[in-house]
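Trainee: I'm new to this one and would like a close look at a single part. Could you walk me through the place where the two chains meet?

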Number of protein chains: 2
Amino acid sequence: MFMDHLQAGAIIYPLMDQIDFTGPFEVLSRLPNSTFHVIGKTLEPVRDTRGLLLTPEETLSEVQPLHLLLVPGGYGQEDLMEDQEVLSFIRSHVERGGYLFAVCTGVLLCGAAGVMNGVPATTHWRVLDLLPYFGAIAVNKRVVEHGRIVTAGGVTAGIDGALHMAAMLRGEQAAKEIQLYMQYAPEPPFDSGTPERAPAEVLNAVTEATSAITARRLETAKRFAAR
Amino acid sequence: MFMDHLQAGAIIYPLMDQIDFTGPFEVLSRLPNSTFHVIGKTLEPVRDTRGLLLTPEETLSEVQPLHLLLVPGGYGQEDLMEDQEVLSFIRSHVERGGYLFAVCTGVLLCGAAGVMNGVPATTHWRVLDLLPYFGAIAVNKRVVEHGRIVTAGGVTAGIDGALHMAAMLRGEQAAKEIQLYMQYAPEPPFDSGTPERAPAEVLNAVTEATSAITARRLETAKRFAAR
């Protein structure tokens with residue numbers, strides 16, 4: 001359990017997947033005795049991959065040191081894989097001993113920052129096999145905790161991961177109160193949320209629709225592995 | 001199934017609960033052949049109940065007629081219960097034959113708009129018993145479909161409700177593809193998401209923490225019932 005006032009924050013960026021951020025925000029912004037910082041490279045609003053406007057209120061260079069950093073994913077993660085300002089921000093946070101919570105392809109960004117070496121981790125199912133290129137150990141689970149680094153699978157897995165983090169930081173009672181407030185007793189109307197469970201035609205369609213970005217991510221991963 | 005280009009939109013407002021909107025947005029903004037409109041009373045950014053900035057891009061008075069309207073909830077819903085501009089916007093949408101999707105206490109707002117008379121519906125567990133004051137029939141379910149009016153329970157129930165709407169509007173295959181993309185195979189770490197399942201001390205704490213706003217909502221509901 002973490003006893004001080006908790007400084008939490010998330011990096012938001014263009015073409016991210018908004019719910020990788022807004023899902024965990026819903027949980028983490030409710031942690032008792034905490035402040036949540038919404039951070040961008042600049043203060044310009046960013047559009048997520050489906051066009052939603054999100055507005056950072058602090059920049060990477062001005063935000064105070066955080067205890068917990070959330071790194072969301074989405075298509076735009078790929079554009080940050082060589083962004084030294086973002087990568088060194090993540091790296092410094094981990095070196096300082098902060099908690100890191102990476103969701104979906106935000107995990108690849110943390111890999112590019114060099115903080116995933118030897119770390120058991122998960123990410124979006126479509127790119128789980130890319131984790132070893134960054135030195136991470138791929139684990140096909142929805143949430144993986146490893147010391148102060150917690151990773152969540154694709155997109156909505158961030159909500160589950162955030163509840164894990166809430167319990168880790170403030171205890172199970174606090175996490176359960178947030179869960180009840182959020183009425184988080186999910187009932188997906190279909191059983192199509194993982195590649196193992198989705199019908200073949202659904203899996204094929206999503207695999208095909210994400211083939212270009214996945215190919216790009218593979219190239220990037222190979223480049224990192226070659227360094 | 002709805003065959004035309006779908007004009008969908010959500011009303012956002014101060015002190016809403018952001019994931020009542022961002023959860024369904026994640027699903028509905030991915031519907032094939034659709035446009036999603038983010039609508040405010042003005043174009044000023046609004047802060048959700050935990051401080052997240054969200055920015056409307058069209059106003060109630062200028063947005064085109066929609067096929068699907070999402071009404072999220074949150075503490076700020078209470079401040080709109082006598083807002084004739086918002087209420088008549090919702091009422092006109094329903095009278096025009098549009099689909100209405102209300103999440104959490106957004107359902108109370110639809111009640112205030114007068115469109116819930118005789119409609120089986122759900123809302124956040126904390127205020128489910130207020131629905132009859134608005135003429136609605138309270139149903140203790142996560143998602144309730146009634147013709148073109150779909151309601152979801154508290155907060156995260158909007159994600160499940162949106163997948164129902166996706167299937168209703170674009171068929172099950174499209175809904176399942178979105179679900180797989182979102183990796184929506186939730187695994188809450190605790191079984192604390194409903195008042196029936198949460199431990200007593202958790203239920204008591206959340207009931208106590210929400211007692212002031214619930215009392216206010218009850219007063220409002222009684223005022224409506226008396227009209």
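Mentor: Here is a tour of the interface, with a short stop at a helix pair and at one glutamate afterwards.

Keep in mind that this is a predicted model. Let's start with the size of the interface. The size of an interface is often given as the accessible area lost when the parts come together. Here, chain B and chain A bury about 5,700 Å² between them, and carbon and sulfur atoms give 62% of that. On the chain B side, the residues that lose the most area to chain A are B:Leu180, B:Gln183 and B:Phe190, which together make up 14% of what that side buries. If you'd rather count residues, 65 in chain B are in contact with 65 in chain A.

Now for the pairings across the interface. Four salt bridges are counted between chain B and chain A. To see a salt bridge up close, go to A:Asp17 and B:Arg30, whose side chains meet at 3.4 Å, N to O. There are also 39 residue pairs in polar contact across the interface, counting pairs with both residues at pLDDT 80 or more.

Which elements of chain B give two or more residues to the side that touches chain A? They are helix 1 (18-28), strand 4 (53-54), helix 4 (157-170), helix 5 (172-181) and helix 6 (200-209) of chain B. Helix 5 of chain B gives the largest share, eight residues. Sorted by class, that side of chain B has 30 nonpolar, 20 polar and 15 charged residues.

Next, hop over to chain A and look at its helix 4 (residues 157-170) and helix 5 (residues 172-181). Their axes come within 7 Å and cross at roughly 145°, and the crossing is right-handed. Helix 4 of chain A makes the contact with A:Leu163, A:Ala166, A:Ala167 and A:Arg170, while helix 5 of chain A brings A:Glu172, A:Ala174, A:Ala175, A:Ile178 and A:Gln179. By class, that's six nonpolar, one polar and two charged residues.

One last stop, back in chain B: B:Glu58 sits in strand 5 (residues 58-59) of chain B. Setting aside neighbours within four places in sequence, B:Glu58 is in contact with B:His37, B:Val38, B:Ile39, B:Gly40, B:Leu43 and B:Val63. With B:His37, the side chain of B:Glu58 makes a polar contact of 2.5 Å. For a sense of distance, try B:Glu201: B:Glu58 is 143 residues from it in sequence and 44 Å from it in space, C-alpha to C-alpha.

Methods. Residues are numbered from 1 along each chain as its sequence is written. Chains are lettered from A and ligands numbered from 1 in the order in which they are written. This is a predicted model: local features need pLDDT of at least 70, side-chain atom pairs count only at pLDDT 80 or more; totals for chains, interfaces and linings use all residues. Side-chain values use heavy atoms; hydrogens and water are left out. Axes are lines fitted to C-alpha atoms, for helices over the stretch in contact, and angles run from 0 to 180 degrees between N-to-C directions. Helices (H or I, at least four residues) and strands (E, at least two) are DSSP runs, numbered from the N terminus. A crossing is left-handed if the near helix is turned anticlockwise from the far one by less than a right angle, and right-handed if clockwise. Contact means heavy atoms within 4.5 Å. Ala, Val, Leu, Ile, Met, Phe, Trp, Tyr, Cys and Pro count as nonpolar, Asp, Glu, Lys and Arg as charged, and the others, Gly among them, as polar. Buried area is the accessible area (1.4 Å probe) that two parts lose on being put together, summed over both. A polar contact is a pair of N or O atoms within 3.5 Å; within protein, one must be able to donate a hydrogen and the other to accept it, and residues adjacent in sequence count only if both atoms are side-chain atoms.
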